[in-house]
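Got the viewer open? Switch to cartoon view and follow along, one selection at a time.

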Amino acid sequence: MRKARRAILKAFGVGACLFAAGVRAQPEPVRIGLTAVFLDDEIRFLLRWRAYLEQRLGRKVQFLQRGRYREAIELLREGQLDAAWICGLPYVRFRSDLRLIAVPLFQGKPLYRSYLIVPSSDTATRSILDLRGKIFAFSDPDSNSGFLYPSYVLRLSGERVETFFKRSFFTWAHRKVVMAVSAQLAQGGAVDGYVWETLHRAQGGLTAGTRVVARSPEFGYPPIVARAGLAPELAQALRDAFTGMTRDSEGRALLAALNLDGFTPGSETLFDSIEAMSRVVQSA
């Protein structure tokens, strides 16, 4: 009887060790940071996208949403995120701590523009220089389209944001810039052209209260990046998952919901003009 009991305990112990080893062998979830997006049914979309990426990566995925680019960058640099969808401006500022994973394709190109918008009732404004002494809405201080580019345009004209406008404020989301200008809480605003165009397609009533005054030159589209210390094989798996979305029906459906044509591996040179503008503004 004692021998049988010892045999059972021994077998149980081995089984428990094997079970524990199996639990330990499970890889950690891939943590992907997202900043404010504009989708109507955000939760349902993110659940679908998470399931899609989990199937392609063969491991769990966690989306962590943050309201500001700076938060996402800090979490990446501290190793609390594995990857994040950020703007080109923080990417060039912290390039040494990050690894380029993929760049979205919008209207067939890995490029986008900054839009200057005003209330639709304003038919006189032709450029940002016509908004002297007005109230202006920016999206995020770490946004290229929503802050750097308009600041750069003013700097080339010998002006400064701090003194040119009567008041300016950050909305912390491009969609909210559109809302602020449409509601005439601001007489002008700087917004990601992709966001404006996508809102215009999906929610024309929101953009109807605004008028696009000017469009910037094209810049490298806000990229998906990883922390520099991420394992190369996982970085490549992420790149393959994003760039492969056009090759199956579910991936194409997700891209359609995002109003994107796909993802490309991209190149560092896409963001050179953003880096050059940043140097000009910072030197002022």
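Start with the open sheet: six strands in the order β2-β1-β3-β12-β4-β13, with mixed pairing. Keep in mind that this is a predicted model. Colour β2 (61–65) and β13 (262–264) to mark the edges, since each of these strands pairs on one side only. Look along the sheet for its twist, which averages 25 degrees from one strand to the next.

Next, select residues 98–105 and 224–227. These are β4 and β12, which run antiparallel and are joined by four bridges. Show side chains for one pair here: Leu-100 stands opposite Val-225 in β12.

Now add residues 42–57, helix α2. This helix packs on the sheet and touches β1 (30–34), β2, β3 (83–85) and β13. The direction of α2 makes about 145 degrees with that of β2.

Move on to residues 249–258, helix α11. Which residues of α11 are buried? They are Gly-251, Leu-254, Leu-255 and Leu-258. Turn the view down the axis and you'll find these four on the same side of α11, because they cover an arc of only 100 degrees around the axis. To see what covers the buried residues of α11, bring back α2, β3 and β13 and add α8 (193–202), which are among the elements that do so.

Finish at the two ends of this helix. At the N-terminal end, select Asp-248, which caps α11: a side-chain oxygen lies 3.3 Å from the backbone nitrogen of Glu-250. Then jump to Asn-259, which follows α11 and has a positive phi, near 60 degrees.

Conventions
Residues are numbered from 1 along each chain as its sequence is written. This is a predicted model: local features need pLDDT of at least 70, side-chain atom pairs count only at pLDDT 80 or more; totals for chains, interfaces and linings use all residues. Side-chain values use heavy atoms; hydrogens and water are left out. Two strands pair if DSSP finds at least two bridges between them. Helices (H or I, at least four residues) and strands (E, at least two) are DSSP runs, numbered from the N terminus. Axes are lines fitted to C-alpha atoms, for helices over the stretch in contact, and angles run from 0 to 180 degrees between N-to-C directions. Contact means heavy atoms within 4.5 Å. Buried means under 20% relative accessible area, exposed over 50%, partly exposed in between (1.4 Å probe, protein chains only). The arc is that of the directions from the helix axis to the C-beta atoms. A polar contact is a pair of N or O atoms within 3.5 Å; within protein, one must be able to donate a hydrogen and the other to accept it, and residues adjacent in sequence count only if both atoms are side-chain atoms.
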